[in-house]
Amino acid sequence: MNAVVTLTPAPVLDRTYLAEGLTVGKVNRAYEVHEYMSGKGLNVARTLHLAKHPVSAVLPIGMQDQYLLFSTPFPQILRIMPVQGRVRVNTTVVERGGRTTNINQQAIPFSEEDWRNVVETTLEQVSDMNADWLVVSGMHPKMTDTGLPINLSELFARAREMGARVGLDTSGPELKHWGRSGEVNLIKPNADELASLVGHELTTLGDVIEAGRELISTGLEIALVSLGPDGAIAITADDVVWASAVAPEVINTTGAGDAFLAGFLSQVVTPESSAAGRESGTLPKLSPEAALTRGCSWGALAVSLPTTLISSFGDAPDAQLRQVDPDYVLMEKATVRY
Ligand SMILES: Nc1ncnc2c1ncn2[C@@H]1O[C@H](COP(=O)(O)OP(=O)(O)O)[C@@H](O)[C@H]1O
Ligand SMILES: O=P(O)(O)OC[C@H]1O[C@](O)(COP(=O)(O)O)[C@@H](O)[C@@H]1O
């Protein structure tokens, strides 16, 4: 069935200001403001749900903030875990012309008990949905008692024992740790995140491919590197595929990575390969090529909308693509295999 479970360990209230321009150190005025519940895993799940894909989003959110979800689209896909602490707020300023500035708040720490409940609920979802993927997205909170970041080893190992692949979309020290741990199947860094993961500058596509291959040698199955307007590249042990799609207009780049990952996940395992895998007790075969093209199209669509994919329209992403670009004429798609 190619079902996906997402876990967003640190959900967010996204506040987006649209302004003519942003001058640091001056008073800036917004001509439009949007506010909605978000977080990388939630964004991926909503986008997949719009595409009628089986998906469930685990969201640890304190009681005081659960009202924020009252008007959220698609409440049926949410698995809300009550935890201590308030939800964080991420602020985005989008200038005309598309330049985007983000200020992301630190994640609220987890108590030992809250984290344990989140792990168990997530695994229940993986099991109930017979999930092909568990995707953990966004910042990782620290634990209140130790001050150390959450430990995902048990969650990853048990999800994999259940036959799910594990995907991780994060940055900074968390990506450095888990990206090389051999405990996840997929990571989705952008070029800057990949450079800091491998510890050196990446100036050419060849550098990106080499960095991806280095990670594959540590036990990763697929490095999915997004390259902003230059599309994305998927690197596996025996395949390197690049694709891109042209955005009709660049309005707000926040959320492009999430839309891209949703598009990729929606196609990387076909229902047939998923079923065949279950029958033979092996992991389903991956089809990165079609998945990459779909991911780039959805990413390009996301940048052409003022907010994220889901809050602007209620249609499936491919229908939204046709509204933005009736014949897909502007979305010239290219896929190259290296
Ligand atoms: N300016 C753009 N034009 C067309 N597509 C874009 C543009 N920016 C992003 N995308 C698409 O969205 C994907 C994710 O964007 P990227 O900026 O790399 O991710 P992140 O938001 O995680 O940093 C890209 O791989 C690309 O397919
Ligand atoms: O958990 P983090 O790293 O603060 O990221 C969360 C932020 O990333 C987003 O999910 C957007 O991410 P992308 O631009 O990578 O798609 C925002 O909606 C959210 O505020």
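This dialogue considers the surroundings of ligand 2 and the enclosed space in a predicted model.

Visitor: Which residues come nearest to ligand 2?

Guide: The shell around ligand 2 holds 17 residues, and D14, R88, M139, G255 and D258 come nearest.

Visitor: How does that shell divide into nonpolar, polar and charged residues?

Guide: There are 3 nonpolar, 10 polar and 4 charged residues in the shell around ligand 2.

Visitor: Which elements each supply at least two residues of the shell?

Guide: They are β2 (12–19), α1 (40–50), β6 (88–95) and α7 (256–268). Helix α7 gives the most, with 3 residues.

Visitor: What lies 2.7 Å from an oxygen atom of ligand 2?

Guide: A polar contact is a pair of N or O atoms within 3.5 Å. Here, an N or O atom in the side chain of D258 lies 2.7 Å from a ligand 2 oxygen. For the side chain of N104, the corresponding distance to an oxygen atom of ligand 2 is 3.0 Å. A256 takes part through a backbone N or O atom, 3.5 Å from an oxygen atom of the ligand. Of the 480 Å² that ligand 2 exposes when taken alone, the protein buries 87%.

Visitor: Where does ligand 2 sit?

Guide: Ligand 2 sits in the largest pocket.

Visitor: How many cavities of 30 Å³ or more does a search of the whole structure find?

Guide: Rolling a probe the size of a water molecule over the atoms shows where empty space is left. In this model, the search finds 2 such cavities, and the largest has a volume of about 140 Å³. Its lining comprises 18 residues, with P11, P60, V83, R86 and I108 closest to the centre. That lining divides into 12 nonpolar, 3 polar and 3 charged residues.

Key: Residues numbered from 1 in each chain as written. Chains lettered and ligands numbered in written order. Predicted model: local features only at pLDDT ≥ 70, side-chain atom pairs only at ≥ 80, totals over all residues. Heavy atoms only, no water. Near = heavy atom within 4 Å. Polar contact = N/O pair within 3.5 Å; in protein donor to acceptor, adjacent residues only side chain to side chain. Areas by Shrake-Rupley, 256 points an atom, 1.4 Å probe, with all protein chains shown as cover. 1 Å grid on protein atoms, 1.4 Å probe; cavity = no way out; pocket = protein on both sides within 12 Å on 5 of 7 lines; lining within 4 Å. Sits in = over half its atoms within 2 Å of the grid points. Helix = DSSP H or I, 4+ residues; strand = E, 2+ residues; numbered from the N terminus. Nonpolar A, V, L, I, M, F, W, Y, C, P; charged D, E, K, R; others polar. Points joined across faces, edges and corners; volume = space filled by probe spheres on them.
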